[in-house]
Amino acid sequence: MATLLEKLSYRVSQQLRAGWFSSHYAATARLSPPSRPKTNSEKQKFPDTKAIVKDLKRLFARDWTNIEAGLYQAPEDQWPNPLAVLRQSTRYFRDLKKVNQRKYNGGVQEVAKTNSTMRLPDYYLQNFHYQSDGYLSAESAQLYDYQVEVLFTGGADAMRRQALVPINSAIRQKGMRNCRLLDVGCGTGRFLKSIKQNSPRLNVSGLDLSRPYLDKAQSNLAPWSRHSLVQSAAESMPFADDTFDVISCVYLFHELPRPVRYLAAAEMSRVLKPDGVLVFMDSLQPDDFAPFNPLLEQFPQEAHEPYYADYLKDDLHALFARNGLVTEVIDRAFFSRIMVLTPEL
Ligand SMILES: C[S@@+](CC[C@H](N)C(=O)[O-])C[C@H]1O[C@@H](n2cnc3c(N)ncnc32)[C@H](O)[C@@H]1O
């Protein structure tokens, strides 16, 4: 049972977090090239800031309820070093100038001529989010998690933690020592870190196309043993059939073209054990939460997200079903959809 002090610490730290990242969000909007002005009818449809803040508070309330119920642990970095946060903020705003320049000029192909040792697919060699160096530099890996928190006004980690509920439940059922987990598109290992905080002895693997992001993941996972990181494409994974008990996949599919999404789902189905679980998390789709629909439609106009509009139209339930994965649960956390899927019997 959590103490009153722990509850207070959680509440105050998350309020400060939301305030900090919301102020970055507002400053980013002010400093960025102006978007197309909204028509009056568009303005009426857009959720107002109060509604978004209310939903973020709902997410934090749910997060705390889960922590209190012992479904996962409270975040370890509730009280980060203020100097480190200021350094990261400075880095963010310094980079924002370059991001805005790119946005202004429509620069999205700066990473097309990369010197990666691995041959990377063309659809991947772009400046997603107008990000400097795309996914292909140590500097980008250093900034990524902070940028995601700004985008979600401090709610990104709390959203990811909602996927820990089905993951931890599957791990408990199988026993931590016998279970193998794979995080597909693991990025900097932010989510794997939170999985390891909860299940330190769990054998985890992370897969991603980006070498610099995997290097960052390696340093994020340094406190633990029993982890491995693989540079590979989700659509052709170097694992044998039926290898993993649990697979997680967070915020990857909206950045894949439709045929690649299909292949990645087929690969996840292939390497998942017949009694395994896939926990999928990505952006909401239209009508997952109707008040947010206009924001989903607007997102690919603001950020360079070349496959997002198509992602919104893709029937994920059918996509997974065609690959032998049955949807058991669909849930929503702020701007994320969570799906829990199991192999068809
Ligand atoms: C939006 S980020 C999500 C990262 C992380 N899962 C998170 O929760 O923030 C997408 C990640 O997927 C990786 N990625 C994109 N296409 C990929 C592919 N075809 N195969 C493997 N990784 C891919 C990128 O390098 C990047 O790290």
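Which residue of β3 stands opposite Leu207? In this predicted model, the residue facing Leu207 is Val230. That pair belongs to a stretch where β2 and β3 run parallel, held together over five bridges. The chain gets from β2 to β3 by way of helix α9 (residues 211–220), and the three elements make a right-handed β-α-β unit.

On to the other partner of β2. Strand β2 (residues 203–208) is largely enclosed by the rest of the structure, because five of its six residues are buried. Five bridges join it to β1, again in the parallel sense, and within this pairing Arg180 sits opposite Asn203 of β2. Here the link is helix α8 (residues 190–198), which carries the chain from β1 to β2 in a right-handed β-α-β crossover.

Strand β1 (residues 180–184) also pairs with β4, in parallel and over four bridges. Leu182 has Ile247 of β4 as its bridge partner. Strand β4 (residues 244–250) is mostly covered, with seven of its seven residues buried. Between β4 and β5 there are six bridges, and these two strands run parallel as well; Val250, for instance, stands opposite Met281 in β5. The route from β4 to β5 passes through helix α10 (residues 258–271), and this β-α-β crossover is right-handed too.

The pattern of pairing then changes. β5 and β7 pair in the antiparallel sense over six bridges, and Asp282 faces Arg337 of β7. β7 is also joined to β6, by eight antiparallel bridges, with Ile330 opposite Met339. β6 and β7 form a hairpin with two residues between them. One oddity turns up right in that turn: Phe334 has a positive phi of about 55 degrees even though it is not a glycine. Phe334 lies in the loop between β6 (325–333) and β7 (336–343), yet it counts as buried because 21 other C-beta atoms lie within 10 Å.

Tyr130 is another non-glycine residue with a positive phi, of about 60 degrees. Its place is the loop between α4 (82–105) and α5 (138–151). Is Tyr130 buried or exposed? With 25 other C-beta atoms within 10 Å, Tyr130 is buried. A contrasting loop residue is Ala240, between β3 (227–231) and β4. Ala240 counts as exposed because it has 8 C-beta neighbours inside 10 Å. Its C-alpha atom is 36 Å from that of Pro300, which lies 60 residues away along the chain.

What about the interior? In soluble globular proteins, nonpolar side chains tend to be buried together. The largest nonpolar core of this model has 73 residues, and those with the most contacts inside it are Val246, Ile247, Met268, Leu278 and Val279. Strand β5 (residues 272–283) gives the most to this core, with six residues. Leaving aside residues up to four places away in sequence, Met268 touches Val184, Ile247, Cys249 and Leu278. Ile247 thus ties two parts of the picture together: it is the β4 bridge partner of Leu182 and is also among the core residues with the most contacts.

A charged residue can be covered as well. Arg161, found in helix α6 (residues 156–162), is buried, because 23 other C-beta atoms lie within 10 Å. Setting aside residues up to four places away in sequence, Arg161 touches Asp63, Tyr72 and Ser194. Gln142 is 19 residues from Arg161 along the chain, and the C-alpha atoms of the two are separated by 21 Å.

Finally, the ligand. Around it there are 21 residues, of which Gly185, Gly187, Ser210, Ala234 and Val250 come nearest. The shell divides into 13 nonpolar, three polar and five charged residues. Val250 has already come up, as the β4 residue opposite Met281 in β5, so this ligand neighbour, whose C-beta atom lies within 6 Å of the ligand, also takes part in the pairing of β4 with β5.

Conventions. Residues are numbered from 1 along each chain as its sequence is written. This is a predicted model: local features need pLDDT of at least 70, side-chain atom pairs count only at pLDDT 80 or more; totals for chains, interfaces and linings use all residues. Ala, Val, Leu, Ile, Met, Phe, Trp, Tyr, Cys and Pro count as nonpolar, Asp, Glu, Lys and Arg as charged, and the others, Gly among them, as polar. A nonpolar core is a set of buried Ala, Val, Leu, Ile, Met, Phe, Trp, Tyr and Cys residues joined through C-beta atoms within 7 Å. A residue is buried if 20 or more other C-beta atoms lie within 10 Å of its own, exposed if 12 or fewer, and partly exposed in between; C-beta atoms are placed from the backbone. Two residues are in contact if their C-beta atoms, placed from the backbone, lie within 7 Å. Two strands pair if DSSP finds at least two bridges between them. A crossover is right-handed if, with the strands pointing away from the viewer, the path from the first strand over the helix to the second runs clockwise.
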